[in-house]
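Biologist: I am new to this structure and would like to learn how to read it. Could you walk me through some features, one at a time?

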Amino acid sequence: MINSEGILKNFKGIIDSTLREGWQFSNANFTLQHHLDIYQLLAEIGIDYVEVSNPVKEEIGEMIKALVKTKSQNTSSTKLLAHVRNRREDIEKAIEAGVDGVNILCTADPERIAFLKFKPAEYLSSLEENIRLAKSSCLETRVSAEDFFNQPFDFILDIYQLATQLQVNRLGISDTVGKALPWQVEEKIKKLRRRFSVDLEVHFHNDFGHSISNALAALAAGANWVDTSLLGIGERTGITPLSALLVNLYSLDQEIASRYNLPLITRAENYVAEVCHIEVPINLITSINNGFAHKAGIHLNALINFGPHKYEPIPPSLIGNRRQLIVNSLVSGRTTEKDVNEFLKRFGES
Ligand code: HCA
Ligand code: CU
């Protein structure tokens, strides 16, 4: 049975992909300034790695170079990883851009490999060349298998086997279509953990709403690194939201969470919402309108009589958010404006 202790033992850090996966969100059109701002916010939060897009596209390569420059001027310890395909030209552009590492995305899908005009063995030998190239330029290297839960497991194992022989830094497991369930994640991660001692990075899409639980299940079962994005934005319904992962870590172990500057997360996610011209989704704890809005009579009454801890999982100030007590509705019971003002005098908005 997996449990929270596993999470605390296995967790090594966060790889935020707002600037790569998040850029694939339908409403995201990030400029260079957005890149600089988002990198800065993530670095201030203390995120371990920031993943950026593929520098093989010239304009993106230029943005990445500007980020690399800012990073070195600010002596930021948040490393930059370029997301690349299993292609020599992509790795060469990543080396030229000066990033700290490459996240190489592989496929084990026989149709896609055939479409690329490779036999499986040729695909593996091109991967070997590309890993060697990255490592010879001192790039941190991760190799992942997309659509991990639906593609032939034997060939995924061949990819991972080769990558570990060549001493990559991490293996990536990606639920590209977002429908894996936590117990399937547990089973597969345990299997990999028994076989490989290298760090495991996980990437969960949220199509069926499991991106947060799957990340926690994976950590508990032996994974070490989690991919996130601000607001959870990404392709389709996106991936694990950074805020959700952070508050879960906090609730499991305040010491682990103390590595990160949690009060900045509301600002960071609201900034990204503004840039994408959307509201922060109502189901995110960084939503200013909803994260800590109390409306029903039972809730208002409990808060007023016992204090905010009754119906708040964490104090809003912990993540830089604020509470609101909404009265004068048919569902707000007997709580009055005066009660709210007295409550706010005692406990404040956060
Ligand atoms: C995508 C690719 C990816 C890659 C994740 C990874 C996925 O579909 O855009 O690098 O492991 O979800 O498979 O984001
Ligand atoms: Cu993805």
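Biologist: Let's begin with side chains that touch. Which residue makes a polar contact of 2.8 Å with the side chain of Asp90?

Modeller: Keep in mind that this model is predicted. A polar contact is a pair of N or O atoms within 3.5 Å. Here the side chain of Asp90 meets that of Asn54 at 2.8 Å.

Biologist: Where is Asp90 found, and is Asp90 buried or exposed?

Modeller: Look in helix H4, which spans residues 88-97. To judge burial, recall that a residue counts as buried under 20% relative accessible area. Asp90 has a relative accessible area of 0%, so Asp90 is buried.

Biologist: Now the ligand, please. Which residues surround ligand 1?

Modeller: The shell consists of Arg20, Glu21, Gln24, His83, Leu105, Arg142, Ser144, Glu146, Ser174, Thr176, His203 and His205. Sorted by character, these residues divide into one nonpolar, seven polar and four charged.

Biologist: How far do polar side-chain atoms of the shell lie from oxygen atoms of ligand 1?

Modeller: Take three cases. A polar side-chain atom of Arg20 lies 3.0 Å from an oxygen atom of the ligand. For His83 the corresponding distance is 2.7 Å, and for Thr176 the value is 2.7 Å too. The protein covers 90% of the 360 Å² of accessible area that ligand 1 has on its own.

Biologist: Next, aromatic rings. How many aromatic pairs does the count come to?

Modeller: Two rings pair if their centres lie within 6.5 Å, and planes over 60 degrees apart make the pair edge-to-face. By that rule the count comes to 11 aromatic pairs. Tyr160 and Phe196 are an example: their ring centres are 6.1 Å apart and their planes stand at 90°, so the pair is edge-to-face.

Biologist: Which parts of the chain does that pair link?

Modeller: Distant ones, with the two positions 36 residues apart in numbering. Tyr160 belongs to helix H7 (residues 153-165), while Phe196 is in the loop between helix H8 (182-195) and strand S7 (199-204). Both Tyr160 and Phe196 are buried.

Biologist: Which residues form one aromatic cluster with Tyr160 and Phe196?

Modeller: Phe148, Phe149, Phe153 and Phe204 join Tyr160 and Phe196 in one cluster.

Biologist: A ring can also have a charge over it. Over which rings does the charged end of Arg170 sit?

Modeller: One is the ring of Tyr49, whose centre is 4.8 Å from that charged end. Another is the ring of Trp225, with its centre 5.9 Å away from the charged end of Arg170.

Biologist: Let's turn to the backbone. What is the phi of Arg236, and where does Arg236 lie?

Modeller: Arg236 has a positive phi of about 50°, although it is not a glycine. Find Arg236 in the loop between strand S8 (225-228) and helix H10 (242-252). With 45% relative accessibility, Arg236 counts as partly exposed.

Modeller: Asn328 is another residue other than glycine with a positive phi, near 60°. Its place is the loop between strand S10 (324-325) and helix H14 (337-347). A residue counts as exposed over 50% relative accessible area, and Asn328 reaches 64%, so Asn328 is exposed.

Biologist: Finally, sequence and space. How many residues apart are Ala244 and Ile7, and what separates their C-alpha atoms?

Modeller: Put the two kinds of distance side by side. Ala244 and Ile7 are 237 residues apart along the chain, with 15 Å between their C-alpha atoms. Ala244 is found in helix H10 and is buried, at 9% relative accessible area.

Modeller: Now try Ala215 in helix H9 (residues 211-221), which is buried at 0% relative accessible area. Ala215 and Ile239 are 24 residues apart along the chain, and 9.9 Å separates their C-alpha atoms.

Biologist: What about Val331 and Leu8?

Modeller: Their C-alpha atoms are separated by 41 Å, and the two residues are 323 apart along the chain. Val331 is in the loop between S10 and H14, where a relative accessible area of 49% makes Val331 partly exposed.

Key. Residues are numbered from 1 along each chain as its sequence is written. Chains are lettered from A and ligands numbered from 1 in the order in which they are written. This is a predicted model: local features need pLDDT of at least 70, side-chain atom pairs count only at pLDDT 80 or more; totals for chains, interfaces and linings use all residues. Side-chain values use heavy atoms; hydrogens and water are left out. Rings of Phe, Tyr and Trp (its six-membered ring) pair if their centres lie within 6.5 Å; planes under 30 degrees apart count as stacked, over 60 as edge-to-face and the rest as tilted. Helices (H or I, at least four residues) and strands (E, at least two) are DSSP runs, numbered from the N terminus. Buried means under 20% relative accessible area, exposed over 50%, partly exposed in between (1.4 Å probe, protein chains only). A charge sits over a ring if NZ of Lys or CZ of Arg is within 6 Å of the ring centre and within 35 degrees of the ring normal. A residue is near a molecule or strand if one of its heavy atoms lies within 4 Å of it. A polar contact is a pair of N or O atoms within 3.5 Å; within protein, one must be able to donate a hydrogen and the other to accept it, and residues adjacent in sequence count only if both atoms are side-chain atoms. Accessible areas come from the Shrake-Rupley method with a 1.4 Å probe; for residues, only the protein chains shown count as cover. Ala, Val, Leu, Ile, Met, Phe, Trp, Tyr, Cys and Pro count as nonpolar, Asp, Glu, Lys and Arg as charged, and the others, Gly among them, as polar.
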